Amino acid sequence: MTPERTGMHGATGALIAATLREAILDGDYAPGARIHQDELAERHGASRLPVREALRMLQAEGLVTLVANTGAWVSTLTSEECQELYLVRERLEPLLLRMNTPLFADDEVERLAELADRMETATDVEQFLALDREFHLAGLDHADTNVLADLVRTLWNRTQHWRRAASRLFWSEGDRSVHHDHQLIVAALQRRDADEAEHVLARHIRRSRLELERHPEVFEPAGRLATNGRISARNATDRGESTG
């Protein structure tokens with residue numbers, strides 16, 4: 001294959017990966033859902049080569065699970081795995097915020113204040129989730145880090161489905177503490193108080209982790225899908241079939 005063709009497939013693969021990533025994060029694909037490579041190729045007017053490249057990219061991010069000669073599924077998490085990822089996020093994301101706090105521009109902090117206010121008046125969970133994601137991931141690239149910012153985004157992406165579940169829980173129960181935390185983070189950033197910003201964010205993430213721990217039932221559908229996916233993959237492999 002010529003370098004030009006290789007580059008073309010790489011660009012197409014990146015585009016397919018970006019589209020599929022967005023669909024997974026938006027909840028269009030549930031954890032454990034089968035990803036049909038032929039459908040992706042047809043949708044993007046591409047061959048299966050860039051589709052496979054896109055799936056490998058998302059596998060590296062933890063969003064897709066590939067089974068050799070079998071197929072691809074949206075990755076799932078058990079309650080224990082999600083708790084571990086949240087514990088990692090609980091330590092690393094506040095550190096990243098601390099490093100970036102002195103570097104926020106005034107207009108960026110004003111934008112965060114606006115987002116915090118809009119979250120309080122959001123009319124549904126999906127609107128809240130979009131605002132919440134923008135709020136927490138804004139301005140985290142100012143500090144010169146080699147891996148930390150990318151790692152935090154990966155942790156967000158891998159736990160997105162269960163963050164949606166946790167948000168539905170606090171939404172239905174009328175818990176306003178999440179909004180209080182957002183306002184405290186904004187106030188800390190306005191003062192450029194890195195200690196306070198770090199402390200509030202750690203507590204904020206911990207609250208979500210404990211809420212998920214308190215509701216293990218949110219993992220049951222994902223668990224069944226994951227089991228079904230593994231069974232389907234194993235059966236297809238035993239029959240010598242390719243189900244991609």
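Glu90 sits buried in this predicted model, with a relative accessible area of just 10%. Its salt-bridge partner is Arg91, and the closest N and O atoms of the two are 3.6 Å apart. Arg91, for its part, is exposed, at a relative accessible area of 53%. So the two ends of this bridge fall on opposite sides of the usual cut-offs, since buried means under 20% and exposed means over 50%.

A second pair worth a look is Asp141 with Arg153, where the closest N and O atoms come to 3.2 Å. This bridge ties together distant parts of the chain: Asp141 belongs to the loop between α6 (125-137) and α7 (148-158), while Arg153 is in helix α7, and 12 residues separate them. With a relative accessibility of 26%, Arg153 counts as partly exposed.

Then there is the pair Glu211 and Arg214, whose side chains meet in a salt bridge at 2.9 Å, N to O. Both belong to helix α10 (residues 194-214), and because they are 3 residues apart there, about one helical turn separates them. Glu211 is another buried residue, its relative accessible area being 13%. Elsewhere, shared partners join several bridges into one network, made up of Arg111, Glu114, Arg118 and Glu134. As for the general idea, side chains of opposite charge can pair when their charged atoms come close. Across the whole structure, the search turns up 21 salt bridges.

Next come the open spaces. The largest pocket holds about 250 Å³ of space. Its lining counts 18 residues, and those nearest the centre are Ala166, Phe170, Val178, His204 and Ser208. Helices α4 (79-100), α6, α8 (160-173), α9 (177-190) and α10 are the elements that each give two or more residues to this lining. Helix α10, already met through Glu211 and Arg214, provides the largest share of the pocket lining, with 5 residues. Sorted by class, the pocket lining is a mix of 7 nonpolar, 5 polar and 6 charged residues.

Closed spaces turn up as well: the structure has 2 cavities of 30 Å³ or more. The largest cavity has a volume of about 140 Å³. Around it are 18 lining residues, with Ile24, Ser75, Arg158, His161 and Trp162 nearest its centre. At least two lining residues come from each of α1 (3-25), α7 and α8, and α8 makes the largest contribution, at 4 residues. By class, the lining of the largest cavity splits into 8 nonpolar, 8 polar and 2 charged residues.

The second largest cavity encloses about 90 Å³ of space. Among the residues that line it are Glu93, Leu97, Phe104, Phe135, His136 and Ile185. Helices α4, α6 and α9 are the elements giving two or more residues to that lining. In terms of class, the lining of the second largest cavity has 9 nonpolar residues, with 1 polar and 1 charged.

How confident is the prediction, and where does the pLDDT drop below 50? The average pLDDT over the chain is 86, and 86% of the residues score at least 70. Residues 1-6 fall below 50, and that stretch has 3 contacts in the model beyond near neighbours in sequence. Residues 222-244 also have a pLDDT below 50, with 30 contacts counted in the model beyond near neighbours in sequence.

Conventions. Residues numbered from 1 in each chain as written. Predicted model: local features only at pLDDT ≥ 70, side-chain atom pairs only at ≥ 80, totals over all residues. Heavy atoms only, no water. pLDDT = per-residue confidence, 0-100. Contact = heavy atoms within 4.5 Å. Salt bridge = Lys/Arg side-chain N within 4 Å of Asp/Glu carboxyl O. Buried < 20%, exposed > 50% of the residue type's maximum accessible area, 1.4 Å probe, protein only. 1 Å grid on protein atoms, 1.4 Å probe; cavity = no way out; pocket = protein on both sides within 12 Å on 5 of 7 lines; lining within 4 Å. Points joined across faces, edges and corners; volume = space filled by probe spheres on them. Nonpolar A, V, L, I, M, F, W, Y, C, P; charged D, E, K, R; others polar.
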